[in-house]
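Subject: Handover of a structure and the findings from it

Dear colleague,

Please find the structure below, together with its sequence. A summary of what was found in it follows.

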Amino acid sequence: MMLGSVRRRGGIAVVAVAPVLLLALAGCGGAVKGDNADVVHGKQAFVARCGSCHTLARADTRGTVGPNLDQAFAQSRRDGLRSSTIRGVVKEQILYPNIRGVMPAKLVDGQRAVDVAAYVARVAATSGRDTGALATAVPTASKRTATAQGGRLEIDANPTGQLAYEVSNATAPAGALTIDSRNASSTPHDIAIQQGANGPVLQTGKTVSGGGVSTVSVDLRAGRYTFYCTLPGHRQAGMVGTITVG
Ligand code: HEC
């Protein structure tokens with residue numbers, strides 16, 4: 001559609017869009033009413049495909065590779081931009097990101113792009129929490145404690161693409177330990193183990209996604225160790241936990 005041909009810079013493209021197109025956007029009628037956007041699917045797709053790079057408070061994502069989307073749209077909200085306009089901007093960005101940038105084009109396409117754009121437009125730079133079906137759209141990352149069995153620990157990555165492991169604390173006896181971290185999501189992760197909270201990194205497993213398993217095998221003396229994901233921003237976003245040995 002025509003929006004695709006408009007190159008966007010910040011919020012400026014909104015002004016550059018032909019008036020007739022703005023009318024068409026406005027005619028979509030808000031972020032959700034009167035059209036076929038499914039914001040619940042939109043939230044799920046956002047967490048799975050966008051959250052590893054973008055912080056969006058209501059989606060509980062904490063990615064830091066791309067701009068914080070609450071901050072990105074705060075000014076638009078203050079300026080009174082309608083959700084339908086923000087939605088057009090987000091959809092444009094999904095389909096036609098800066099080709100020299102790092103955001104891949106069409107991570108979601110077709111109806112999914114409409115759904116994701118509608119969700120972001122509804123919640124970005126708004127206070128409060130998601131309610132109703134949106135509140136339960138994405139299961140909250142669980143925080144289990146794991147115990148080594150036969151010298152092995154399983155510390156899987158969150159399968160929906162959230163920046164979290166399924167385990168936040170683990171215990172193991174001293175000696176040989178193999179840690180397997182399965183990652184069913186499409187967001188790449190690895191697992192590394194380091195001494196203490198900031199000590200030397202003992203080993204880093206390979207980067208995996210789509211069902212791959214990142215593995216480290218180490219020999220540990222009694223003490224505290226840290227496991228974390230080495231991909232940029234992932235540890236800061238919460239992919240970190242403690243292993244108590246001994
Ligand atoms: C690999 C990391 C990455 C992923 C995944 C990603 N983005 Fe981005 N995004 C970026 C970066 C970096 C920018 C900054 C501009 C650029 O490079 O195009 C950006 C810019 C944006 C902007 C413009 C923000 C502004 O300040 O104007 C929006 C909106 C956006 N992304 C939405 C999304 C949505 C929705 C998804 C999921 C479909 C997504 N992004 C997935 C990295 C990412």
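In this predicted model, the iron atom of the ligand has two protein donors, His54 through NE2 and Met103 through SD, lying 2.0 to 2.1 Å from it. The two residues come from distant parts of the chain and are 49 residues apart. His54 belongs to the loop between helix H3 (39-49) and strand E1 (55-56), whereas Met103 belongs to the loop between helix H5 (83-95) and H6. Six donor atoms surround the iron atom of the ligand, and the arrangement is octahedral because the angles they subtend are 88 to 179°.

Helix packing

Two helices were examined for their contacts with helix H6 (residues 110-123). The description of two packed helices rests on the angle between their axes and the distance between the axes.

For H3 and H6, the axes come within 7 Å and cross at roughly 90°. H3 is therefore roughly perpendicular to H6. On the H3 side, the contact consists of Val39, His41, Gly42, Lys43, Ala45 and Phe46. These meet Arg112, Asp115, Val116, Ala118, Tyr119, Val120 and Arg122 in H6. Sorted by class, the residues of this contact are seven nonpolar, two polar and four charged.

For helix H4 (residues 69-78) and H6, the axes come within 10 Å, with a crossing angle of roughly 65°. This angle makes H4 roughly perpendicular to H6. Leu69, Asp70, Phe73 and Arg77 are the H4 residues involved, and they meet Val120, Ala121, Arg122 and Val123 in H6. Five residues of the contact of H4 with H6 are nonpolar and three are charged, with no polar residue among them. Val120 and Arg122 of H6 appear in the contact with H3 and also in the contact with H4.

The six-stranded sheet

The strands of a sheet pair through backbone hydrogen bonds, in either a parallel or an antiparallel sense. One open sheet has six strands in the order E3-E5-E11-E10-E7-E8, with mixed pairing. Strand E3 (144-147) and E8 are at the edges with a single partner strand each, so one side of each has no neighbour in the sheet. From one strand to the next, the twist averages 20°.

Along this order, E3 and E5 are parallel and share four bridges, with Thr147 opposite Thr171 in E5. Strand E5 (residues 167-172) also pairs in the parallel sense with strand E11 (residues 240-245), again over four bridges; here Ala170 stands opposite Ile243 in E11. Strand E10 (residues 223-228) and E11 are antiparallel, with six bridges, and Arg224 has Thr244 in E11 as its bridge partner.

At the end of the order, strand E7 (residues 192-195) and strand E8 (residues 201-204) run antiparallel and are joined by three bridges. Ala192 faces Thr204 in E8. The hairpin of E7 and E8 has five residues between the strands, and Gly196 takes a positive phi near 60° there.

The three-stranded sheet

A further open sheet contains three strands in the order E4-E6-E9, and its pairing is mixed. Strand E4 (152-154) and strand E9 (212-220) are the edge strands, each pairing on one side only. With direction ignored, neighbouring strands of this sheet are turned by 20° against each other on average. E4 and strand E6 (residues 175-183) run parallel and are joined by three bridges, and Arg152 stands opposite Thr178 in E6.

With kind regards

Technical notes: Residues are numbered from 1 along each chain as its sequence is written. This is a predicted model: local features need pLDDT of at least 70, side-chain atom pairs count only at pLDDT 80 or more; totals for chains, interfaces and linings use all residues. Side-chain values use heavy atoms; hydrogens and water are left out. Two strands pair if DSSP finds at least two bridges between them. Axes are lines fitted to C-alpha atoms, for helices over the stretch in contact, and angles run from 0 to 180 degrees between N-to-C directions. Angles under 35 degrees count as roughly parallel, over 145 as roughly antiparallel, 65 to 115 as roughly perpendicular and the rest as oblique. Contact means heavy atoms within 4.5 Å. Ala, Val, Leu, Ile, Met, Phe, Trp, Tyr, Cys and Pro count as nonpolar, Asp, Glu, Lys and Arg as charged, and the others, Gly among them, as polar. Donors are N, O and S atoms within 2.8 Å of the metal (3.2 Å for Na, K and Ca); water is not among the atoms, so sites may look incomplete. Four donors count as tetrahedral if all angles lie between 85 and 135 degrees; four count as square planar and six as octahedral if opposite donors are over 155 degrees apart and all others between 65 and 115; anything else is irregular.
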